[in-house]
Amino acid sequence: MDVLLCKIKLKVFDACGLKFDNFFEEKESKEYKASQFTLESRIIKYRTAKKTPKKIGQFVTFYKRNLRGVIEPFYEEDTVDFYFVSVENQEQLGFFMFPKSELIKRGIISTKLREGKRAFRVYSLWDLPTSKQAMATQKWQSNYFYEVTRVVDKSKLVKMF
């Protein structure tokens, strides 16, 4: 299990009394620590975001391979409840817990009407974006962000389950 996920599990999930189970690493996106687990019987897809040298925020991939071996976005029909992204910056640690419905709404997960994305940027609360688009993205993403290095609002997290 990835070091960041281990820290989050201990400091947040265990502290909230949430049942973490069925963990396995995925073959795809090893660079982003791709894995899956259940939390209170909800299916969670996990990735670790990466800092990039020229842009604010962090980059994360979220795709799968189809039967022909081609990468494609996740689909609304996929049996996943939440998409979980861990982020860190020096001593700061946090995570995003995106409900599938929100990523569908934002065009990240594919529907019959629209193809989703294979990757996207996340902006934690310690990021200071300057572009209007990045600031707007940070605003909606902040509803799903938890900073582990501070006291996590456990009631907000537990309400999701």
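This report describes the helices, sheets and a few single residues of a predicted model.

## The six-stranded sheet

An open sheet is built from six strands in the order β1-β2-β3-β8-β9-β11, and its pairing is mixed. At its edges lie β1 (20-25) and β11, each of which pairs on one side only. On average, neighbouring strands of this sheet are turned by 25° against each other, direction ignored. Helix α1 packs on the sheet and touches β1, β2 (35-39), β3 (42-48), β8 (82-89) and β9. The direction of α1 makes about 80° with that of β9.

Strand β8 is mostly covered, with six of its eight residues buried. On one hand, β8 pairs with β3 in the parallel sense over five bridges. On the other, β8 is joined to β9 by eight bridges, and these two strands run antiparallel. Strand β9 also pairs with β11, in the antiparallel sense and over three bridges.

What lies between β8 and β9? The two strands form a hairpin with two residues between them, and Q90 in this hairpin takes a positive phi near 55°.

Individual residues can be matched across these pairings. R47 has V85 in β8 as its bridge partner. F84 has M97 in β9 as its bridge partner. F95 stands opposite Y146 in β11.

## The three-stranded sheet

A second group of strands also forms an open sheet. Its three strands follow the order β4-β5-β10, and the pairing is antiparallel. The edge strands are β4 (50-51) and β10 (119-122), and each of them pairs on one side only. Strand β4 is joined to β5 (residues 58-61) by two bridges, with the two strands running antiparallel. Within this pairing, K50 has F59 in β5 as its bridge partner.

## Helix α1

Helix α1 covers residues 3-16, which makes 14 residues. At 1.5 Å a residue, the helix should span 20 Å, and its end C-alpha atoms are 19 Å apart, so the two values agree. The helix has a kink of about 40°, centred on K9.

Which residues of α1 are buried? They are L4, L5, I8, V12, F13 and C16. An α-helix has 3.6 residues a turn, so residues three or four places apart point the same way.

K11 also has its place in α1. K11 is exposed because its relative accessible area is 53%, and the cut-off for exposed is over 50%. The C-alpha atoms of K11 and T149 are separated by 9.3 Å, although these residues are 138 residues apart along the chain. After α1 comes G17, whose phi is positive, near 75°.

## Helix α3

Helix α3 covers residues 132-141, and its buried residues are A134, T137, Q138, W140 and Q141. Why do they lie on the same side of α3? They cover an arc of only 165° around the axis, and this puts them on the same side of the helix. The face turned away from the buried side of α3 carries the exposed residues K132 and K139. The elements covering the buried residues of α3 include β9 (92-99), α2 (100-105), β10 and β11 (145-147). Of these, β9 and β11 belong to the six-stranded sheet, while β10 belongs to the three-stranded one.

## Positive phi outside glycine

N22 and K33 each have a positive phi in a residue other than glycine. The table sets out their values.

| Residue | Place | Phi | Relative accessible area |
|---|---|---|---|
| N22 | strand β1 | near 55° | 48% |
| K33 | loop between β1 and β2 | near 60° | 41% |

Are N22 and K33 exposed or partly exposed? N22 is partly exposed because its 48% falls between the cut-offs of 20% and 50%. K33, at 41%, counts as partly exposed for this reason too.

## Summary

The model holds an open sheet of six strands with mixed pairing and an open sheet of three strands with antiparallel pairing. Helix α1 packs on the six-stranded sheet. The buried residues of helix α3 are covered by elements that include β9, α2, β10 and β11.

Notes
Residues numbered from 1 in each chain as written. Predicted model: local features only at pLDDT ≥ 70, side-chain atom pairs only at ≥ 80, totals over all residues. Heavy atoms only, no water. Helix = DSSP H or I, 4+ residues; strand = E, 2+ residues; numbered from the N terminus. Expected span 1.5 Å × (residues − 1). Bend = angle between axes of the 7 residues up to and from the residue. Buried < 20%, exposed > 50% of the residue type's maximum accessible area, 1.4 Å probe, protein only. Pairing = 2+ DSSP bridges. Arc of directions from axis to C-beta. Contact = heavy atoms within 4.5 Å. Axes fitted to C-alpha atoms, helices over the stretch in contact; angles between N-to-C directions.
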